[in-house]
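Q: I have a protein model open and I'd like to learn how to read it. Can we go through it feature by feature?

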Amino acid sequence: MPQHARNTPVCRDCDGFATAAITTGTRHADGTRATLRIPCPTCKGTGHTPASTLARAGR
């Protein structure tokens with residue numbers, strides 16, 4: 001029997017890419033770039049939209 005996965009809706013603002021890494025333009029002492037990790041403000045970095053949000057939007 002096949003296993004059924006839960007159907008969790010993907011966030012419509014980030015399309016499932018919940019965190020963006022943005023470079024600041026500077027480098028660390030070892031030569032790597034300094035980056036900021038910014039989570040999606042809608043889904044709070046989960047990549048999925050809660051069902052309560054969909055109910056309020058009328059979907």
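A: Sure, and let's begin with a term: a disulfide is a pair of cysteine sulfur atoms within 2.5 Å. This is a predicted model, where local features need pLDDT of at least 70, side-chain atom pairs count only at pLDDT 80 or more, and totals for chains, interfaces and linings use all residues. Residues are numbered from 1 along each chain as its sequence is written, and side-chain values use heavy atoms, with hydrogens and water left out.

Q: How many disulfides does that rule give here?

A: Zero. Take C14: its closest cysteine sulfur is in C11, and because that sulfur is 3.7 Å away, it's too far for a bond.

Q: Are those two cysteines buried or exposed?

A: Buried means under 20% relative accessible area, exposed over 50%, and partly exposed in between (1.4 Å probe, protein chains only). C11 is buried because its relative accessibility is 0%, and C14 is buried too, at 13%.

Q: Which residues make up the largest nonpolar core?

A: A nonpolar core is a set of buried Ala, Val, Leu, Ile, Met, Phe, Trp, Tyr and Cys residues joined through side-chain atoms within 4.5 Å. Here the largest one has five residues: C11, C14, A18, C40 and C43. Contact means heavy atoms within 4.5 Å, and beyond its neighbours within four places in sequence, A18 has contacts that include C40 and C43.

Q: How do β1 and β2 pair?

A: Strands (E, at least two residues) and helices (H or I, at least four) are DSSP runs, numbered from the N terminus, and two strands pair if DSSP finds at least two bridges between them. Strand β1 (residues 19-27) and strand β2 (residues 33-39) run antiparallel, with six bridges. They form a hairpin with five residues between them, and G31 in the turn has a positive phi of about 100 degrees.

Q: What stands opposite T23 in β2?

A: That's T35, while A21 faces R37. T23 belongs to β1 and counts as partly exposed because its relative accessibility is 44%. Apart from neighbours within four places in sequence, T23 is in contact with R33, A34 and T35.

Q: Where is confidence lowest and where is it highest?

A: pLDDT is the predictor's confidence in each residue, from 0 to 100. Where pLDDT is low, the predicted coordinates should not be read in detail. Confidence is lowest in helix α1 (residues 51-57), at a mean of 57, and highest in β2, at 94. For the protein, the mean is 82, and 83% of its residues reach 70 or more.
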